[in-house]
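Visitor: I would like a close look at one part of this structure, taken slowly. Please start from a single residue and work outward to what surrounds it.

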Amino acid sequence: MIFTTFSDVAAQVPDRTAVIDQRGRQITFSELQASVERVAGSMATLGLGQASSVALFAPNRVEWIIASLATAAIGARSLGLNTRFRTAELDYLLRIGSCHAILAPDEFL
């Protein structure tokens, strides 16, 4: 079995479309890789890493994929949160998930 990482794929086909989200936004593998590296760097600057748990609170958009890959890149655990959850549900999941950070887009809904 050959194991290929996201970075390997991005290096092999940088100009191919990597993601098309529900709004029709398209980004290439090189654009996705650059965004993942930028977000992972910011997360590391905040002190997040292998011992961290990061909640991802975003709709089905490119930003969710970037956040998920960046979280994996720094070795942190990710907890996907449904954007339709109510306050009590979010409170419960964030507490049991021992989240150190929440990543969310600037705006949605």
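Guide: What follows starts at one helix residue and moves out to its helix, the neighbouring helix and the sheet.

The model is a predicted one. The starting point is valine 36, which lies in helix H2, residues 29-45. Is valine 36 buried or exposed? Its relative accessible area is 5%, and buried means under 20%, so valine 36 is buried.

Which residues does valine 36 touch, leaving out those up to four places away in sequence? They are Phe6, Ile66, Leu69 and Ala70. Ile66, Leu69 and Ala70 also appear on the H3 side of the contact between H2 and H3, and Val36 itself is on the H2 side.

Helix H3 covers residues 62-73, and its axis comes within 8 Å of that of H2. The two axes cross at roughly 55°. Angles under 35 degrees count as roughly parallel and 65 to 115 as roughly perpendicular; H2 and H3 are therefore oblique to each other. The crossing of H2 past H3 is right-handed. From H2, the contact is made by Leu32, Ser35, Val36, Val39, Ala40 and Met43. From H3, Ile65, Ile66, Leu69, Ala70, Thr71 and Ala73 take part. Sorted by class, this contact of H2 with H3 has ten nonpolar residues, two polar ones and no charged ones.

Beyond the two helices comes the sheet. It is an open sheet of three strands in the order S4-S3-S5, and the pairing is parallel. Strands S4 (77-81) and S5 (101-103) are the edge strands, each pairing on one side only. Neighbouring strands in this sheet are turned against each other by 30° on average, with direction ignored. Strand S3, residues 53-57, is joined to S4 by five bridges. One bridge partner can be named: alanine 55 is matched in S4 by leucine 79. H3 packs on this sheet and touches S3, S4 and S5, and its direction makes about 175° with that of S3.

As a distance from the starting point, valine 36 and leucine 81 are 45 residues apart in sequence, and their C-alpha atoms are 19 Å apart in space.

A last residue, aspartate 21, lies in the loop between strand S1 (17-20) and strand S2 (26-28). Aspartate 21 has 8% relative accessibility and so counts as buried. Leaving out residues up to four places away in sequence, aspartate 21 touches Asn60, Arg61 and Val62.

Definitions and conventions. Residues numbered from 1 in each chain as written. Predicted model: local features only at pLDDT ≥ 70, side-chain atom pairs only at ≥ 80, totals over all residues. Heavy atoms only, no water. Helix = DSSP H or I, 4+ residues; strand = E, 2+ residues; numbered from the N terminus. Buried < 20%, exposed > 50% of the residue type's maximum accessible area, 1.4 Å probe, protein only. Contact = heavy atoms within 4.5 Å. Axes fitted to C-alpha atoms, helices over the stretch in contact; angles between N-to-C directions. Parallel < 35°, antiparallel > 145°, perpendicular 65-115°, else oblique. Left-handed = near helix turned anticlockwise from the far one by under 90°. Nonpolar A, V, L, I, M, F, W, Y, C, P; charged D, E, K, R; others polar. Pairing = 2+ DSSP bridges.
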